[in-house]
Amino acid sequence: MATTQARSEMNRLYLAMLFAFSMLLISPGPSRAQDSTPIAQQIAKAYGLDSFGQIEAIRYTWNAELGDLKLSHKWEWSPKTDTVSYEGKDKEGKEVKATYRRSELGSQSDAIKNVIDPAFANDQYWFILPFHVAWDGATVTNEGKNKLPLGDGSAERVVVKYPSEGGYQPGDTWDLYVGADKRIEEIVYHRGAPNPPPKLVIATYADYKKAGPLLVSTDHRGTLDGKPLRLTITDVSVKLTGSDNWINAQ
């Protein structure tokens, strides 16, 4: 009985982490409509938006720790074709590999459609959240200086609100705490839909590194529905158009 309950709890936490930020299961990328809000563009440009078209491919590994639960997803993404390669483990610990085009999800396996691609959407929001603020068409407002929810000091609080209808998780809201350099320092994420969990994430954006023109926050510490959470982005590298070389983040 105890073993069954423990397995059930691990599965629940696995799904909670997997879908923590899977807001919009639509193809993200530079072809998306651009947000006209100046602050959205300023933030995205600080992370390399103007040079994003130079990137042919991106590699990174998304790692999560929530108590005893640990997850790791290795990705390679070609933005121009929206082709994704994945390496990771399923909830039983078995090795899984897959390569697919997101424009062809309808013809993919249930594992890709229902587990791997939602995980890609989730992990990508952590990886390039500032670009989604500019791409997704959400309502973006600058609420002025506010105290940081975790650290000392204050920053501009930029509220990113998704529509109440449409998308995978309608009504999601991000509070971005942005410094003078337009880099995100901390975030608060409020889930718009009642299921599945979680409903509240508070985390830092720290340990910034550059891979080619791309600026990435690689360390996030905070809480998920009150439980300690740590996410890291490792093994980041990019390949630029016309080159066969991978540029590692430094």
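## A partly exposed loop residue and its surroundings

K91 is partly exposed, with a relative accessible area of 46%, where partly exposed covers the range between buried, under 20% relative accessible area, and exposed, over 50%, for a 1.4 Å probe and protein chains only. This is a predicted model, in which local features need a pLDDT of at least 70 and side-chain atom pairs count only at pLDDT 80 or more, whereas totals for chains, interfaces and linings use all residues. Residues are numbered from 1 along each chain as its sequence is written, and side-chain values use heavy atoms, with hydrogens and water left out.

K91 is found in the loop between β3 (83-89) and β4 (95-101), and its C-alpha lies 9.2 Å from that of L71, although 20 residues separate K91 and L71 in sequence. The protein as a whole has 3 helices and 13 strands, taken as DSSP runs numbered from the N terminus, with at least four residues of H or I for a helix and at least two of E for a strand. Of its 250 residues, 50% count as buried.

The average pLDDT, the predictor's confidence in each residue on a scale from 0 to 100, is 85 for the protein, and 82% of the residues score at least 70. Over residues 1-15 the pLDDT is below 50, and this stretch has 14 contacts in the model beyond near neighbours in sequence, a contact being heavy atoms within 4.5 Å. Over residues 21-36 the pLDDT is also below 50, with 58 contacts in the model beyond near neighbours in sequence.

Two aspartates deserve a separate look, and for both of them the backbone angle phi is positive. Most residues other than glycine have a negative phi, and most peptide bonds are trans.

| Residue | Phi | Location | Relative accessible area |
|---|---|---|---|
| D225 | near 50° | loop between β11 and β12 (227-240) | 39%, partly exposed |
| D235 | about 55° | strand β12 | 58%, exposed |

Which elements each supply at least two residues of the lining of the largest cavity? They are α3 (110-135) and β11 (214-224), and the lining residues include W126, F127, L215 and H220. By class, this lining has 8 nonpolar, 2 polar and no charged residues, with Ala, Val, Leu, Ile, Met, Phe, Trp, Tyr, Cys and Pro counted as nonpolar, Asp, Glu, Lys and Arg as charged, and the others, Gly among them, as polar.

Note on methods. 1 Å grid on protein atoms, 1.4 Å probe; cavity = no way out; pocket = protein on both sides within 12 Å on 5 of 7 lines; lining within 4 Å.
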